[in-house]
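Here is a short tour to read with the model open beside you. Keep the viewer handy, and we will go through it topic by topic.

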Amino acid sequence: MKDWLVQLLRDPVDGSALRLEGEKLVSAAGRTYPIVRGIPRFVPSDSYAGSFGYQWNRFAQTQLDSASGGTQSKDTFVEKTGLKLEDLRGKTVLDVGCGMGRFAEVVAEAGGRLVGIDLSSAVDAAAPNLARFENAAVVQADVFSLPFAPETFDLIYSIGVLHHTPDTRAAFLSLPRFLKPGGEIAVWLYARMLRWTLAMSRVYRLITTRLPKDRLLKLCRVADPLGAFERSGKVGTLVQFLIPVSNHPDPKWRILDTFDWYSPRYQWTHTDLEVEGWFREAGLQRIWHGSFPVSVRGAKI
């Protein structure tokens with residue numbers, strides 16, 4: 001476990017410093033938090049996020065730029081945060097809902113000191129994906145009870161995650177206190193008018209969220225042929241309406257994206273103005289909206 005990470009961590013109960021004792025962290029009050037496979041664990045289980053632990057440990061490198069040889073994750077990070085990668089160097093950054101480390105890798109490569117947190121066992125995929133970076137670490141923790149001191153981070157971002165919590169607004173409002181003065185927070189959330197939400201997928205989710213994950217994954221393999229078919233012609237548009245699946249060009253990515261849509265327990269949608277209201281409620285300023293709904297960034301002044 002990295003020494004610099006120990007210095008950043010705090011007891012989520014009382015905010016006290018933690019000391020490292022073998023394979024656990026110990027608070028001043030004697031509370032202990034295990035370190036398993038090199039990862040500090042501040043939650044006893046995946047809770048409501050178990051589907052993400054399942055998917056990211058099975059698709060551990062599908063969306064990783066270093067594995068694909070592409071730049072899709074880097075491009076998505078820039079588009080949905082509006083940040084310049086060269087400005088991340090030397091900054092302490094929190095990735096809220098890091099999954100298997102897709103965007104964490106982008107930040108670490110840009111020179112940010114990156115801490116990725118995830119409620120799920122996705123951290124077990126993220127840790128080896130980020131192992132080559134001395135400036136990156138992952139922690140299993142709950143966004144509603146983060147193990148850090150106030151004003152720890154220069155930047156906090158969360159891309160496609162907070163809408164999968166029980167309360168998106170409350171999850172967002174839990175974050176600004178961990179920003180340093182002058183720091184920024186950037187989020188991307190599902191838009192109310194997202195293509196997927198306009199069709200039968202909402203009906204299907206009444207069933208799919210209750211299915212065993214292995215069975216659902218088998219069903220989502222229909223995205224391989226159907227997703228390719230949806231990319232062409234009027235018939236493809238009709239199929240897309242009746243059986244919404246990902247139409248990403250990569251077959252494996254199509255299956256992953258489809259599972260990612262149909263499996264989570266919680267899945268809320270929002271508008272740019274709604275989320276801007278949360279930023280103002282938190283006292284954030286210099287609010288920026290990206291061209292991709294709902295991408296919003298603000299600063300703590």
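Two strands count as paired if DSSP finds at least two bridges between them. With that in hand, Leu 94 can be placed opposite Ile 156 in β8. Please keep in mind that this is a predicted model.

**Around strand β8**

- Strand β5 (residues 92-96) and β8 run parallel and are joined by 3 bridges; Leu 94 opposite Ile 156 is the facing pair mentioned above.
- Strand β9 (residues 179-188) also pairs with β8 in the parallel sense, over 6 bridges, and here Leu 155 stands opposite Glu 184.
- Together with helix α7 (residues 168-173), β8 and β9 make up a right-handed β-α-β unit.
- How much of β8 is buried? The strand is mostly covered, with 6 of its 7 residues buried.

**The loop leading into β8**

- Thr 152 sits in the loop between β7 (136-140) and β8 (153-159), and its relative accessibility of 11% is under the 20% cut-off, so Thr 152 counts as buried.
- Leaving aside residues up to four places away in sequence, Thr 152 touches Leu 8, Thr 92, Phe 178 and Lys 180.
- Glu 151 belongs to the loop between β7 and β8 and has a positive phi of about 60 degrees although it is not a glycine.
- Glu 151 counts as partly exposed, at 43% relative accessibility.

**The open sheet, β1 to β4**

- An open sheet is formed by 4 strands in the order β1-β2-β3-β4, with antiparallel pairing.
- β1 (18-21) and β4 (39-40) stand at the edges with a single partner strand each, so one side of each has no neighbour in the sheet.
- Strand β3 (residues 32-36) meets β4 over 2 antiparallel bridges, and Ile 39 in β4 is the bridge partner of Val 36.

**Helix α2 and the loop before it**

- Buried residues of helix α2 (residues 50-58) are Ser 51, Phe 52, Gly 53, Tyr 54, Gln 55 and Trp 56.
- What do the buried residues of α2 pack against? Their partners are α6 (123-129), α9 (213-220) and α12 (251-262).
- In the loop between β4 and α2 you will find Ser 47, a residue other than glycine whose phi is positive, near 55 degrees.
- Ser 47 counts as exposed, at 53% relative accessibility.

**Salt bridges**

- A search of the whole structure turns up 12 salt bridges.
- One of them joins the side chains of Asp 11 and Arg 31, at 2.8 Å from N to O. This pair links distant parts of the chain, 20 residues apart: Asp 11 is in the loop between α1 (3-8) and β1, and Arg 31 is in the loop between β2 (24-27) and β3.
- Asp 11 is buried, with a relative accessible area of 1%, whereas Arg 31 is partly exposed at 29%.
- Asp 124 forms a salt bridge with Arg 41, and their closest N and O atoms are 2.7 Å apart. Asp 124 lies in helix α6 and Arg 41 in the loop between β4 and α2, so this pair ties together parts that are 83 residues apart in sequence. Both Asp 124 and Arg 41 are buried.
- Glu 184 and Arg 297 meet through their side chains in a salt bridge at 3.0 Å, N to O. Because Glu 184 lies in strand β9 and Arg 297 in strand β11 (residues 295-299), the pair ties together parts that are 113 residues apart in sequence. Glu 184 and Arg 297 are both buried.
- Asp 11, Asp 14 and Arg 31 are joined into one network by salt bridges that share partners.

**A surface patch and a cis peptide**

- Val 203, Leu 206 and Ile 207 form a nonpolar patch on the surface, with about 300 Å² of accessible area together.
- Within that patch, Leu 206 lies in helix α8 (residues 201-208) and is exposed, with a relative accessible area of 56%.
- Which form does the peptide bond from Pro 293 to Val 294 take, cis or trans? The bond is cis, with omega near -15 degrees, and Val 294 lies in the loop between β10 (285-289) and β11.

Methods: Residues are numbered from 1 along each chain as its sequence is written. This is a predicted model: local features need pLDDT of at least 70, side-chain atom pairs count only at pLDDT 80 or more; totals for chains, interfaces and linings use all residues. Side-chain values use heavy atoms; hydrogens and water are left out. Buried means under 20% relative accessible area, exposed over 50%, partly exposed in between (1.4 Å probe, protein chains only). Contact means heavy atoms within 4.5 Å. Patches are made of residues with over 30% relative accessible area and no salt bridge: like charges are joined within 9 Å, nonpolar side chains (Val, Leu, Ile, Met, Phe, Trp, Tyr) within 5 Å. Accessible areas come from the Shrake-Rupley method with a 1.4 Å probe; for residues, only the protein chains shown count as cover. A salt bridge is a side-chain nitrogen of Lys or Arg within 4 Å of a carboxyl oxygen of Asp or Glu. A crossover is right-handed if, with the strands pointing away from the viewer, the path from the first strand over the helix to the second runs clockwise.
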